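Please work through the exercises below with the sequence and the model side by side, trying each task before reading its solution.

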Amino acid sequence: MRLLLVEDEKSLSRALCSILEDNGYSVDPVYDGEDAIAFANSEIYDGIILDVMIPKKDGFEVLESIRKSGNMIPVLILSARSRVDDRVKGLDLGANDYLTKPFSPKELLARIRAMSRVKLAEPDTTLRVGNIILDKSTHELSSTAGNFHLANKEFQMMEQFMSHPKRVYSIDFFIEKIWGYESDAEQNLVWTYVSYLRKKLKVLHADVKIKAYRNTGYSLEPCDD
(Lines give C-alpha, C1' and ligand atoms only; values in the text may rest on other atoms or scores of the structure.)
Protein backbone atom coordinates (compact mmCIF):
# COMPACT_ATOMS: atom_id res chain seq x y z
CA MET A 1 0.00 0.00 0.00
CA ARG A 2 1.47 3.37 -1.03
CA LEU A 3 0.75 6.43 1.10
CA LEU A 4 1.30 10.13 0.51
CA LEU A 5 2.46 11.86 3.71
CA VAL A 6 1.88 15.61 3.85
CA GLU A 7 3.72 17.03 6.87
CA ASP A 8 5.93 20.14 6.84
CA GLU A 9 7.77 19.41 10.11
CA LYS A 10 10.72 17.47 8.71
CA SER A 11 11.64 15.62 11.90
CA LEU A 12 8.07 14.40 12.40
CA SER A 13 7.83 13.48 8.72
CA ARG A 14 10.97 11.35 8.99
CA ALA A 15 9.65 9.66 12.14
CA LEU A 16 6.29 8.91 10.52
CA CYS A 17 7.97 7.54 7.40
CA SER A 18 10.05 5.23 9.56
CA ILE A 19 7.00 3.98 11.50
CA LEU A 20 4.98 3.39 8.35
CA GLU A 21 7.77 1.73 6.40
CA ASP A 22 8.56 -0.56 9.35
CA ASN A 23 4.92 -1.68 9.14
CA GLY A 24 4.99 -2.53 5.45
CA TYR A 25 3.81 0.72 3.84
CA SER A 26 5.51 2.59 1.03
CA VAL A 27 5.57 6.32 1.76
CA ASP A 28 6.29 9.46 -0.24
CA PRO A 29 6.67 12.61 1.91
CA VAL A 30 5.83 16.12 0.70
CA TYR A 31 6.00 19.32 2.71
CA ASP A 32 3.51 21.86 1.34
CA GLY A 33 -0.03 22.04 0.01
CA GLU A 34 0.80 22.67 -3.63
CA ASP A 35 2.97 19.56 -3.85
CA ALA A 36 0.28 17.63 -1.97
CA ILE A 37 -2.33 18.42 -4.62
CA ALA A 38 0.02 17.61 -7.49
CA PHE A 39 1.10 14.29 -5.99
CA ALA A 40 -2.44 13.33 -4.95
CA ASN A 41 -3.65 13.73 -8.52
CA SER A 42 -0.99 11.34 -9.85
CA GLU A 43 -3.34 8.41 -9.09
CA ILE A 44 -0.57 6.22 -7.67
CA TYR A 45 -1.55 6.42 -3.99
CA ASP A 46 -3.86 4.28 -1.88
CA GLY A 47 -4.28 6.86 0.88
CA ILE A 48 -3.14 10.27 2.15
CA ILE A 49 -2.03 11.35 5.64
CA LEU A 50 -2.59 15.10 5.68
CA ASP A 51 -1.50 17.75 8.16
CA VAL A 52 -3.61 20.91 8.31
CA MET A 53 -1.02 23.59 9.10
CA ILE A 54 1.22 23.37 6.04
CA PRO A 55 2.60 26.14 3.81
CA LYS A 56 1.32 27.43 0.43
CA LYS A 57 -2.09 25.79 0.81
CA ASP A 58 -3.34 24.48 4.14
CA GLY A 59 -4.64 20.97 4.59
CA PHE A 60 -8.28 22.00 4.33
CA GLU A 61 -7.61 23.70 0.98
CA VAL A 62 -5.75 20.60 -0.20
CA LEU A 63 -8.62 18.33 0.80
CA GLU A 64 -11.21 20.58 -0.82
CA SER A 65 -9.21 20.67 -4.07
CA ILE A 66 -8.76 16.88 -4.12
CA ARG A 67 -12.47 16.23 -3.59
CA LYS A 68 -13.60 18.86 -6.11
CA SER A 69 -11.48 17.13 -8.76
CA GLY A 70 -13.45 13.93 -8.12
CA ASN A 71 -10.56 12.17 -6.39
CA MET A 72 -12.06 9.99 -3.63
CA ILE A 73 -8.77 8.65 -2.27
CA PRO A 74 -8.98 7.93 1.49
CA VAL A 75 -7.63 10.84 3.55
CA LEU A 76 -6.62 10.80 7.21
CA ILE A 77 -6.11 14.28 8.68
CA LEU A 78 -3.33 14.35 11.26
CA SER A 79 -3.29 17.71 13.01
CA ALA A 80 -2.55 19.60 16.23
CA ARG A 81 -5.79 21.52 15.65
CA SER A 82 -8.09 19.65 17.99
CA ARG A 83 -11.08 21.98 18.27
CA VAL A 84 -14.44 20.41 17.47
CA ASP A 85 -14.99 22.99 14.71
CA ASP A 86 -11.74 21.95 13.02
CA ARG A 87 -12.61 18.26 13.18
CA VAL A 88 -16.09 18.91 11.83
CA LYS A 89 -14.70 21.06 9.01
CA GLY A 90 -12.22 18.36 7.98
CA LEU A 91 -14.86 15.64 7.94
CA ASP A 92 -17.36 17.84 6.11
CA LEU A 93 -14.76 18.56 3.42
CA GLY A 94 -14.43 14.82 2.81
CA ALA A 95 -11.78 13.45 5.18
CA ASN A 96 -12.28 9.81 6.11
CA ASP A 97 -10.85 10.32 9.59
CA TYR A 98 -9.27 12.99 11.83
CA LEU A 99 -6.55 12.19 14.36
CA THR A 100 -5.17 14.89 16.66
CA LYS A 101 -1.55 15.33 17.76
CA PRO A 102 0.01 14.03 19.93
CA PHE A 103 -0.98 10.51 18.98
CA SER A 104 0.06 6.93 19.59
CA PRO A 105 1.78 5.17 16.66
CA LYS A 106 -0.45 2.17 17.39
CA GLU A 107 -3.56 4.29 16.99
CA LEU A 108 -2.23 5.86 13.79
CA LEU A 109 -1.64 2.41 12.29
CA ALA A 110 -5.10 1.26 13.39
CA ARG A 111 -6.70 4.33 11.79
CA ILE A 112 -4.83 3.65 8.53
CA ARG A 113 -5.98 0.02 8.54
CA ALA A 114 -9.56 1.16 9.11
CA MET A 115 -9.25 3.69 6.30
CA SER A 116 -7.91 0.96 4.01
CA ARG A 117 -10.83 -1.32 4.79
CA VAL A 118 -13.25 1.41 3.72
CA LYS A 119 -11.50 1.61 0.36
CA LEU A 120 -11.44 -2.15 -0.06
CA ALA A 121 -15.03 -2.74 1.03
CA GLU A 122 -16.32 -3.44 -2.43
CA PRO A 123 -19.17 -5.85 -3.20
CA ASP A 124 -17.15 -7.62 -5.85
CA THR A 125 -13.49 -8.49 -5.28
CA THR A 126 -12.98 -9.58 -8.87
CA LEU A 127 -12.12 -7.73 -12.05
CA ARG A 128 -13.25 -9.15 -15.39
CA VAL A 129 -12.02 -8.15 -18.82
CA GLY A 130 -12.87 -10.40 -21.72
CA ASN A 131 -12.48 -14.01 -20.60
CA ILE A 132 -9.93 -13.10 -17.91
CA ILE A 133 -10.74 -12.78 -14.20
CA LEU A 134 -8.51 -11.23 -11.53
CA ASP A 135 -9.39 -12.05 -7.92
CA LYS A 136 -8.13 -9.14 -5.83
CA SER A 137 -8.37 -11.06 -2.57
CA THR A 138 -6.23 -14.01 -3.69
CA HIS A 139 -4.16 -12.37 -6.48
CA GLU A 140 -5.31 -15.17 -8.82
CA LEU A 141 -5.50 -14.52 -12.56
CA SER A 142 -7.70 -17.08 -14.28
CA SER A 143 -9.74 -18.16 -17.28
CA THR A 144 -11.47 -21.39 -18.24
CA ALA A 145 -8.04 -22.61 -19.38
CA GLY A 146 -6.43 -22.40 -15.93
CA ASN A 147 -5.10 -19.97 -13.34
CA PHE A 148 -1.95 -18.31 -11.99
CA HIS A 149 -1.18 -16.83 -8.59
CA LEU A 150 0.45 -13.49 -9.36
CA ALA A 151 3.44 -12.15 -7.45
CA ASN A 152 2.77 -8.83 -5.74
CA LYS A 153 4.17 -6.53 -8.44
CA GLU A 154 2.58 -8.59 -11.22
CA PHE A 155 -0.74 -8.29 -9.41
CA GLN A 156 -0.44 -4.52 -8.97
CA MET A 157 0.33 -4.07 -12.63
CA MET A 158 -2.47 -6.38 -13.80
CA GLU A 159 -4.97 -4.76 -11.44
CA GLN A 160 -4.14 -1.40 -12.98
CA PHE A 161 -4.59 -2.72 -16.52
CA MET A 162 -7.88 -4.46 -15.74
CA SER A 163 -9.32 -1.55 -13.76
CA HIS A 164 -9.03 0.68 -16.82
CA PRO A 165 -8.95 -1.39 -20.06
CA LYS A 166 -7.69 0.46 -23.13
CA ARG A 167 -6.08 3.14 -20.98
CA VAL A 168 -2.43 3.62 -21.90
CA TYR A 169 -0.06 3.60 -18.93
CA SER A 170 3.44 5.01 -19.22
CA ILE A 171 6.47 3.14 -17.94
CA ASP A 172 7.11 6.02 -15.52
CA PHE A 173 3.61 5.58 -14.10
CA PHE A 174 4.30 1.96 -13.20
CA ILE A 175 7.72 2.77 -11.71
CA GLU A 176 6.20 5.48 -9.50
CA LYS A 177 3.08 3.48 -8.60
CA ILE A 178 4.71 0.13 -7.87
CA TRP A 179 8.34 0.84 -7.01
CA GLY A 180 8.05 4.45 -5.75
CA TYR A 181 9.39 7.88 -6.68
CA GLU A 182 12.75 7.35 -5.01
CA SER A 183 13.27 3.88 -6.42
CA ASP A 184 16.22 3.19 -8.70
CA ALA A 185 14.04 0.84 -10.78
CA GLU A 186 14.72 1.14 -14.49
CA GLN A 187 12.52 0.79 -17.56
CA ASN A 188 13.69 -2.73 -18.30
CA LEU A 189 12.17 -3.89 -15.01
CA VAL A 190 8.72 -2.79 -16.23
CA TRP A 191 9.38 -4.54 -19.56
CA THR A 192 10.24 -7.72 -17.65
CA TYR A 193 6.98 -7.71 -15.69
CA VAL A 194 4.95 -6.96 -18.81
CA SER A 195 6.64 -9.96 -20.42
CA TYR A 196 5.69 -12.16 -17.44
CA LEU A 197 2.05 -11.09 -17.72
CA ARG A 198 1.97 -11.56 -21.49
CA LYS A 199 3.19 -15.14 -21.11
CA LYS A 200 0.53 -15.89 -18.51
CA LEU A 201 -2.21 -14.39 -20.69
CA LYS A 202 -1.05 -16.56 -23.57
CA VAL A 203 -1.19 -19.74 -21.45
CA LEU A 204 -4.69 -18.76 -20.27
CA HIS A 205 -5.83 -18.35 -23.92
CA ALA A 206 -6.86 -14.80 -23.07
CA ASP A 207 -8.90 -12.83 -25.56
CA VAL A 208 -7.12 -9.67 -24.36
CA LYS A 209 -3.49 -8.67 -24.69
CA ILE A 210 -1.06 -6.08 -23.37
CA LYS A 211 -0.34 -3.84 -26.32
CA ALA A 212 2.74 -1.62 -26.51
CA TYR A 213 2.54 1.91 -27.86
CA ARG A 214 5.91 3.17 -29.00
CA ASN A 215 7.28 5.96 -26.79
CA THR A 216 3.97 6.04 -24.89
CA GLY A 217 3.35 2.94 -22.80
CA TYR A 218 1.12 -0.13 -22.48
CA SER A 219 -2.60 -0.86 -22.61
CA LEU A 220 -4.81 -3.90 -22.07
CA GLU A 221 -6.91 -4.39 -25.19
CA PRO A 222 -8.96 -7.06 -27.01
CA CYS A 223 -6.95 -9.38 -29.21
CA ASP A 224 -7.13 -8.70 -32.92
CA ASP A 225 -9.71 -10.81 -34.73
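The exercises that follow deal with domains, helix packing, a buried side chain, backbone angles and cysteines.

The model is a predicted one, in which local features need pLDDT of at least 70 and side-chain atom pairs count only at pLDDT 80 or more, while totals for chains, interfaces and linings use all residues. Residues are numbered from 1 along each chain as its sequence is written, and side-chain values use heavy atoms, with hydrogens and water left out.

**Exercise 1. Domains**

State which domains the protein chain has and how many residues of each are in contact.

Solution. Begin with the bounds, which come from an automatic or database domain assignment: domain 1 covers 2–118 and domain 2 covers 126–222. Next, take the centres over C-alpha atoms, which lie 29 Å apart. Finally, apply the contact rule, heavy atoms within 4.5 Å, by which eight residues of domain 1 touch eight residues of domain 2.

**Exercise 2. Two packed helices**

Describe how α7 and α8 are placed against each other, and list the residues that make the contact.

Solution. Two packed helices are described by the angle between their axes and by the distance between the axes. Helices (H or I, at least four residues) and strands (E, at least two) are DSSP runs, numbered from the N terminus; axes are lines fitted to C-alpha atoms, for helices over the stretch in contact, with angles running from 0 to 180 degrees between N-to-C directions. Helix α7 (residues 171–179) meets helix α8 (residues 187–203) at an angle of about 90°, and the axes are 9 Å apart. The two helices are therefore roughly perpendicular, the word used for 65 to 115 degrees (under 35 is roughly parallel, over 145 roughly antiparallel, the rest oblique). From α7 the contact uses Ile171, Phe174, Ile175 and Trp179, and from α8 it uses Gln187, Leu189, Val190, Trp191 and Tyr193.

**Exercise 3. Burial in α7 and at Glu154**

Determine how many residues of α7 are buried, and with which residues Glu154 is in contact.

Solution. Buried means under 20% relative accessible area, exposed means over 50%, and partly exposed lies in between (1.4 Å probe, protein chains only). Seven of the nine residues of α7 are buried, among them Phe173 and Lys177, and the buried residues of this helix pack against β1 (2–6), α6 (152–163), α8 and β11 (217–222). Turn then to Glu154, which is found in helix α6 and is buried, with a relative accessible area of 5%. Leaving aside neighbours within four places in sequence, Glu154 is in contact with Tyr193, Tyr196, Leu197 and Lys200. Glu154 and Tyr196 are 42 residues apart in sequence, yet 7.8 Å apart in space, C-alpha to C-alpha.

**Exercise 4. Backbone angles**

Find where His205 and Pro102 lie, and give the backbone angle reported for each.

Solution. Most residues other than glycine have a negative phi, and most peptide bonds are trans. His205, in the loop between α8 and β10 (208–213), has a positive phi near 55° and counts as exposed at 60% relative accessibility. Pro102 sits in the loop between β5 (97–100) and α5 (105–120), and a cis peptide bond with omega of about -5° joins Lys101 to Pro102.

**Exercise 5. Cysteines**

Count the disulfides, and say whether Cys17 is buried or exposed.

Solution. With a disulfide taken as a pair of cysteine sulfur atoms within 2.5 Å, the count is zero. Cys17 is buried at 9% relative accessible area, whereas Cys223, at 30%, counts as partly exposed.
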